[in-house]
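Visitor: I have a structure open and do not know how to read it. Where should a newcomer begin?

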Amino acid sequence: MARGVAIHIGLNHVDDVSYGGWKGALRGAERDARGLASITRAAGFEITELLGKKATATHVVDSLSKWTSGAGAPEYVVITYAGHGGLYPDPIREYPDGQCKTWCLYDRQFFARELYWYLGKMHSATRIVLITDCCWSGTVMRALPSSIVAPVQRVRFCPQPVTARYSRSVPMAPDVTKLIKKARTKEAIAAPCVVIAGALENQIAYEGASGGLFTTALRTAWNGGVFVGNYKDLLFSVKTRMPTSQTPMMLAFGRKKKDIDRLIHARPFSL
């Protein structure tokens, strides 16, 4: 059997000192991470759970670093994130909107290009699946009325006033700046990679009573492993369980199209 590893990240709150007084309270992000961990654990993956205060940038980087090319590199990597998405001014002015997309980890924002860097160092034969239940859309954040932005209890993004204050008070660390400037874009990642995101770029990722609407729908569709089909089928099944205001989407990239297609059409989480 192939060796599979999985890291499941979930935060019901962040360090308010690091984020200028904002706690980013959520109800079910950590529950979502544990629920997805139960899926990969049952499938035979080696599990790392980073929940709450353990979901720091250092712990995420340490986990990703273990899986890069070399002796003992895994054949299958699953990464899931449930929490707030954020934005930070782009230091290299590469993005059209001038903003880097981030995950709001416990102690700091973790940049998408940091993630791409580590994915880009993985072996070209490694299969990678990334599942995110957060919102990264700056357009949505700027358009929301303040009455919705203020509580931030049921939506998974870091509100613009917080991101603006964070970027002014927390300069990007020199080592992170250096990495981002030389980091690969997702298009340059050699390994086949499938990304399943909980919402379109112009939508919001919502929470329900017990967890994210997207993750709850995914776990329902999976049905304890009874689900039959591939990743495209799973996405379709999830969509049928979602409101029209939130539409999950799939992205895929990698060096070889045949490897990407093979991953997309494989049974999910199958070693």
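**Reading strands, a helix and the cores**

Guide: Begin with a strand. This is a predicted model, and in it strand E8, residues 193–197, is mostly covered, with 5 of its 5 residues buried.

Visitor: Which residues of E8 point one way, and which the other way?

Guide: Cys 193, Val 195 and Ala 197 point one way from E8, while Val 194 and Ile 196 point the other way. The residues of both sets are buried.

Visitor: Which strands does E8 pair with, and in what sense?

Guide: Strand E7 (residues 127–133) runs parallel to E8 and is joined to it by 5 bridges. Ile 128 stands opposite Cys 193 in that pairing. With strand E9 (residues 249–253), E8 pairs in the antiparallel sense, again over 5 bridges. There, Val 194 has Ala 252 as its bridge partner.

Visitor: What does E7 pair with besides E8?

Guide: E7 also pairs with E3 in the parallel sense, over 7 bridges; Thr 80 stands opposite Ile 131 of E7. E3 covers residues 76–82, and 7 of its 7 residues are buried. From E3, Tyr 76, Val 78, Thr 80 and Ala 82 point one way, and Val 77, Ile 79 and Tyr 81 the other. Strand E1 (residues 4–10) runs parallel to E3, joined by 7 bridges, and Ile 9 has Tyr 81 as its bridge partner in E3.

Visitor: How should I read a helix such as H6? Which of its residues are buried?

Guide: For a helix, ask on which side the buried residues lie. In H6 (residues 160–169) the buried ones are Val 162, Thr 163, Tyr 166 and Ser 167. They are on the same side of H6 because they cover an arc of only 130° around the axis. Arg 168 and Ser 169, on the other side of H6, are exposed. Strand E4 (85–89) and strand E6 (109–111) are among what covers the buried residues of H6.

Visitor: And what is a core made of?

Guide: In soluble globular proteins, nonpolar side chains tend to be buried together. Here the largest nonpolar core has 44 residues, and those with the most contacts inside it are Ile 9, Leu 64, Ile 79, Trp 103 and Leu 105. Helix H3 (residues 112–120) gives the most to this core, with 6 residues.

Visitor: What does Ile 79 touch?

Guide: Leaving out residues up to four places away in sequence, Ile 79 touches several residues, including Ile 7, Leu 64, Trp 103, Leu 115 and Val 129.

Visitor: Which residues does the second core include?

Guide: The second core is separate and has 25 residues, among them Phe 214, Ala 217, Trp 222 and Leu 235.

Conventions:
Residues are numbered from 1 along each chain as its sequence is written. This is a predicted model: local features need pLDDT of at least 70, side-chain atom pairs count only at pLDDT 80 or more; totals for chains, interfaces and linings use all residues. Side-chain values use heavy atoms; hydrogens and water are left out. Buried means under 20% relative accessible area, exposed over 50%, partly exposed in between (1.4 Å probe, protein chains only). Helices (H or I, at least four residues) and strands (E, at least two) are DSSP runs, numbered from the N terminus. Two strands pair if DSSP finds at least two bridges between them. The arc is that of the directions from the helix axis to the C-beta atoms. Contact means heavy atoms within 4.5 Å. A nonpolar core is a set of buried Ala, Val, Leu, Ile, Met, Phe, Trp, Tyr and Cys residues joined through side-chain atoms within 4.5 Å.
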